[in-house]
Amino acid sequence: MTYQNVSIKEFVDALIRQLSIYGFCYSYEELTISGVLEDYEIRHFDSFIKKKNMAAIIHRVLLLILNEKDNNDFLSANRFRDLYDCHVCVIHIAQVYAKGIIEGRTESVFGLDDLVSVSEMERILLKTFEKSRRVPREPINYDISYINDSNALIYDRGSLLIDVRDKEVHNKDNRFENSVCIPIEDIKINPAIILQKLNEQGKQRAVLYCSRGYMSSLAADILIKNGYSEIYVLADGLK
């Protein structure tokens, strides 16, 4: 039984039981209304849960039910070469890993599609609700320069505004007319793409942005590790 994989429904049932122990009473419907459960999870209730899905649900529980703020030191997750295989999962994985709630399969692979056993689920739920059981990751202190949307650097002729979200999202939701879209997955694969784009545009510095500032921070971390210096991040994204 210990090593048996669990379905999304079994995980949600266990989550509801754990919530009740700590004084939170939620039904399936209430978890859905609150935003903890999304359409994908509901539609695949009987499927085995993957680590990336569990990370997403746990992160939403932290934010929406436990009112636990995100960890600013989430760059440690950049060690995982599969981190960007699921674009929408990046920040969920980065947060639960940095907080010491869900471990990677190895030092360099998170294992997004790994199935979760009963014993793993139980450990993860305990760490979710009991901070004393967590071993948070050591913060990585790369010197990322943050600016706000009124900063002169954004509108300086020497700056290139780069949206690190995927192209579909960029086309639907973008504030800056003269920006370019270079998804974070492309930056991870080929960091030199930023230098190439800067040279093409005749710019000296890159200002990265996304919806909330998380993806752009991770992208900046990648670029700084690869020797870039003139890299700036729009602090709160497009809020």
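This report describes the nonpolar cores, two helices, the cysteines and one strand serine of a predicted model.

## Nonpolar cores

The largest nonpolar core of the model has 68 residues, and those with the most contacts inside it are Phe11, Met54, Ile58, Ile162, Val164, Ile194 and Leu208. Apart from this core lies another, made of eight residues, among them Phe176, Val207, Tyr209 and Leu234. In soluble globular proteins, nonpolar side chains tend to be buried together.

Ile58 offers a way into the surroundings of one of these core residues: leaving aside neighbours within four places in sequence, Ile58 is in contact with Phe11, Val96, Ile101, Ile124, Leu125 and Thr128.

## Helix H1

Helix H1 runs over residues 8-21, and its 14 residues should span 20 Å at 1.5 Å a residue, which agrees with the 20 Å that separates its end C-alpha atoms. The buried residues of H1 are Ile8, Phe11, Val12, Asp13, Ala14, Leu15, Ile16, Gln18 and Leu19, a list that includes the charged residue Asp13 beside nonpolar ones such as Phe11.

The cover over these buried residues of H1 includes helix H2 (28-34), helix H3 (39-43), helix H4 (51-64) and helix H6 (118-129). After H1 comes Gly23, whose phi is positive, near 90°.

## Helix H4

The 14 residues of H4 should likewise span 20 Å at 1.5 Å a residue, and the end C-alpha atoms of H4 are 20 Å apart, in agreement with that value. Twelve of the 14 residues of H4 are buried, so this helix is largely enclosed by the rest of the structure.

Those buried in H4 are Lys51, Lys52, Asn53, Met54, Ala55, Ala56, Ile57, Ile58, His59, Arg60, Val61 and Leu62. The buried residues of H4 pack against H1, H3, helix H5 (90-98) and H6, while H4 is itself among the helices that cover the buried residues of H1.

## Cysteines and the disulfide

A search of the whole structure finds one disulfide, and this link joins Cys86 to Cys89, with a distance of 2.1 Å from S to S. A disulfide is a covalent bond between the sulfur atoms of two cysteines. The link of Cys86 and Cys89 is right-handed, with 55° about the S-S bond. Cys86 counts as buried at 12% relative accessibility, and Cys89 counts as buried at 6%.

Cys181, by contrast, is in no disulfide, and the nearest cysteine sulfur, that of Cys210, is 11 Å away. Seen from Cys210, the closest cysteine sulfur is in Cys181, and because the 11 Å between them is too far for a bond, these two sulfur atoms are not joined. Cys181 counts as buried at 15% relative accessibility, and Cys210 is buried with a relative accessible area of 2%.

## Ser159 in strand S2

Ser159 lies in strand S2, which covers residues 159-163. With a relative accessibility of 7%, which is under 20%, Ser159 counts as buried.

The side chain of Ser159 reaches the backbone oxygen of Leu153 at 2.5 Å. Not counting residues up to four places away in sequence, Ser159 touches Leu153, Ile154, Lys203, Arg205 and Val207. Leu153 therefore appears both as a residue touched by Ser159 and as the one whose backbone oxygen its side chain reaches, and Val207 is also a member of the core of eight residues.

Technical notes
Residues are numbered from 1 along each chain as its sequence is written. This is a predicted model: local features need pLDDT of at least 70, side-chain atom pairs count only at pLDDT 80 or more; totals for chains, interfaces and linings use all residues. Side-chain values use heavy atoms; hydrogens and water are left out. A nonpolar core is a set of buried Ala, Val, Leu, Ile, Met, Phe, Trp, Tyr and Cys residues joined through side-chain atoms within 4.5 Å. Buried means under 20% relative accessible area, exposed over 50%, partly exposed in between (1.4 Å probe, protein chains only). Contact means heavy atoms within 4.5 Å. A disulfide is a pair of cysteine sulfur atoms within 2.5 Å. Helices (H or I, at least four residues) and strands (E, at least two) are DSSP runs, numbered from the N terminus. A polar contact is a pair of N or O atoms within 3.5 Å; within protein, one must be able to donate a hydrogen and the other to accept it, and residues adjacent in sequence count only if both atoms are side-chain atoms. The expected span of a helix is 1.5 Å times one less than its number of residues.
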